[in-house]
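Please read the points below with the coordinates open beside you. They take up the topics in turn, beginning with a term that the hairpins call for.

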Amino acid sequence: MSFASPTPEQSLTHGDERDRLAQMFDQAPSLMALLREPNHRIVLANEAFKQLFGASRTVGLTAGEVLPPELSAAAVRRLNEAYKRGEPVRLEGVRLPSETSIPGEPRDRVLDLILQPIRDSDGAVTGIFVQGNDVTNRVLAEQRVRSSFDIKTVGIIYWGVDFRLTQVNDAFLGMTGFTRAEAIGLTWQELTPKEFWPQSEAAVYQVNTFGEAVPYEKQYFRKDGSRWWGLFAPRRVSTEEVVEFVLDVTERRETEEALRDREQRLQLIVDSATDYAIMTLDQSRRILTWSPGAAETFGYGASEAIGQPVDILFTDQDRREDVPAQEADLARRNGSAPDVRWHVRKDGSLVFINGSSNHLRRANEKEVAFLKIGRDESDRKRSELALQEAEERYRLAAQATNDVIWDWNLDTDFLRWNEAIERLSRYDPADIEETGAWWKSKVHPHDRDRVVSGIEHAISDGDTSWTAQYRFARKDGSYAEVLDRGTVLRDKDGIARRMVGAIHDLTPHKEAEAALKQLNETLEHRVIEEVSARMKIEDALRQSQKLEAVGQLTGGVAHDFNNLLTVIKGAAEMLRRPSLAEEKRGRYVEAIADTADRAAKLTGQLLAFSRRQALKPEVFNVGQRIDAITDMLRTVVGSCVSLVTRTDCEICYVEADPSQFETALVNMAVDRRGKGTPVAG
């Protein structure tokens, strides 16, 4: 047989192939070595083999020389076995002592080796090819897994090639309720509800493809058919086995479910609680969430409010005083801060909010946000302010009046007094009881039955008002005369609940009335005495004036009488003459008669004027009466006074005492005579 020499191209190709094979051999991660001769001398070794055995010079030495003494004899026997039998020998878990001093590195390396006999073209064994893998980390992991079987909180299960359970720990059995015998051999399909099969199938694919799967959650069946939630993390540990770690997360999932239900219910409550404004703020106080109640309260829609600073809800004055920031700082320090103040709606009107600002933190104390909850109490606040104003007016009115203002709660017998009760009763404030019983005890015993019965009837009979006058006991034992008036306040059913009223102190009035009565009685007596005395004085004065007038009249009358007597004497002297003619005698006789009549008339008037007699009123003509006494009046006033009378009138009748009338005229004439003034009548 002859062989053709290879061409240069073929020689180059074979050389390149050998170089590539040499590189692959030397750079292979598995340890490789070629042993020749029955002594197993190393003729070829890659870098992984050299590093593992740590020999500075490996090639050229025998296996017995390279291996540690404690492994040398056993290793040589197995090499001889493979050499002689010509069949590969598998060695698993071979421990190779290591001299490493690196902390955390295992002192022994664990190897899986294959001793593969090499034959020549005649089939004779010429050497041993050693190929192996360092499985130290895998063995340590398996050891840790085996030791973790005793963990009570983490389930550990092993699946075989067909994904049937081959091993389970007690923790897993506790989760499922199975016995070990019942669990071994079960498939994942038997343990998993069908709605979770897609997750399980995805995990199986990942394990078969990548060696492990992303941890996932699903439900498993218990022995009794109930379900539980588990967190599953599978990983392949060998070609025939997959280990899976299981954590029971049922409580967490139920808590999360309950939390979701709670959040949903809370959201429903928040959405339906339109009476409450609920919002959350970020750390910079910008609005994150906005409830329907907040929209109803402030007038902003959610799209308008979210993202805005909460400061838009505060009044200008609060913003100037930095109240929003102060409220947030207080909430940070104390966990919450009151928010009870007037706020501003979108339309600029004011709304009074009674609420709080609450600081939200995570378990790690990291600030999350603020929760503000408030209720629109504008109507209540306005009513409260109106009530305060009314109470202030009541207080001022109570201070301005001297009356005792009282407010009696008929259900509790609580009786509220104003400060005037101290002045009325003269008791110290500590001694004044705020009860209806105390008031009743201060009513005079003789008035008590009447007063108490009256107020009880007003309450029970449906009356709206009550009034009584009685005596009220003071601390010093005296009694005040009072007028008490009250109004009965009833509920919608007509039941009396309160009475409000005032006690007016009549004592000063009563004392004034008594003093006035006494004064009146004294004055009346004195007036009677004074009037009587005055009447006597006036009567005497009139008499004196009359006498004075008579005296003054006497002079005039005497002069007139003297004239009359002169006429009579002259006429009488003429009648004595014998030679007097008869005609003249008749005239003188007539003159004497006329003069006598005039004297008689003057005398009668004078007597009527001077005498005292009872009044006898009668109707007479004034003009005629004046004309009748004109001559006498002229005599009274004298010759130095001109007396003119005008008595022409259609109706000049009066009812009076004629003598008193004439006396009055004479008095007037006498008075005017003394003053020298004209007299007109």
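1. A word on terms comes before the hairpins: two strands are taken to pair if DSSP finds at least two bridges between them. The model under discussion is a predicted one, and every remark here should be read with that in mind.

2. With that definition in hand, consider strand 4 and strand 5, which form a hairpin with five residues between the strands. Within this hairpin Gly 123 adopts a positive phi near 90°. Strand 4 and strand 5 (residues 125-134) are paired in the antiparallel sense through nine bridges, and Arg 119 is found opposite Val 125 of strand 5.

3. Strand 4 (residues 108-119) also pairs with strand 3 (residues 89-97), again in the antiparallel sense, and here seven bridges are involved. One of the facing positions is that of Arg 95, which stands opposite Val 110 in strand 4. For anyone following side chains along these strands, it may help to recall that in a regular strand the side chains alternate between the two faces of the sheet.

4. A further hairpin is made by strand 13 and strand 14, with five residues between them, and Gly 348 in its turn has a positive phi of about 90°. Strand 13 (residues 336-344) and strand 14 (residues 350-361) are antiparallel partners over nine bridges, and Pro 338 has Ser 356, in strand 14, as its bridge partner.

5. Five strands make up an open sheet, ordered 17-16-20-19-18, with antiparallel pairing. Which strands stand at the edges, and why is one side of each left without a neighbour in the sheet? They are strand 17 (414-417) and strand 18 (465-473), and because each has a single partner strand, one side of each lacks a neighbour in the sheet. From one strand to the next, the twist averages 25°.

6. At one end of that order, strand 16 (residues 404-409) and strand 17 run antiparallel and are joined by four bridges; Asp 407 is placed opposite Arg 416 in strand 17. Helix 18 (residues 445-460) packs on the sheet, where it touches strand 16, strand 18, strand 19 (479-490) and strand 20 (496-505). The direction of helix 18 makes about 160° with that of strand 18.

7. On the surface, Leu 516, Leu 519, Leu 523, Val 527, Val 531 and Met 535 make a nonpolar patch of about 510 Å². Met 535 belongs to helix 19 (residues 507-575), and its relative accessibility is 51%, so Met 535 counts as exposed, the cut-off being over 50%.

8. Is Ala 48, in helix 2 (residues 47-53), buried or exposed? At 19% relative accessibility Ala 48 counts as buried, because the limit for that class is under 20%. Leaving aside neighbours within four places in sequence, Ala 48 is in contact with Ala 28, Pro 29, Ser 30 and Leu 31. Ala 48 and Asp 26, which are 22 residues apart in sequence, have their C-alpha atoms 7.8 Å apart in space.

9. Finally, some totals for the protein, in which there are 23 helices and 24 strands. Of its 681 residues, 35% count as buried, and about 41800 Å² is exposed, with carbon and sulfur atoms supplying 53% of that area. Among contacts between residues at least 6 apart in sequence, 47% join residues at least 24 apart.

Note on methods: Residues numbered from 1 in each chain as written. Predicted model: local features only at pLDDT ≥ 70, side-chain atom pairs only at ≥ 80, totals over all residues. Heavy atoms only, no water. Helix = DSSP H or I, 4+ residues; strand = E, 2+ residues; numbered from the N terminus. Axes fitted to C-alpha atoms, helices over the stretch in contact; angles between N-to-C directions. Contact = heavy atoms within 4.5 Å. Patch = residues over 30% accessible without salt bridge, like charges linked within 9 Å, V, L, I, M, F, W, Y side chains within 5 Å. Areas by Shrake-Rupley, 256 points an atom, 1.4 Å probe, with all protein chains shown as cover. Salt bridge = Lys/Arg side-chain N within 4 Å of Asp/Glu carboxyl O. Buried < 20%, exposed > 50% of the residue type's maximum accessible area, 1.4 Å probe, protein only.
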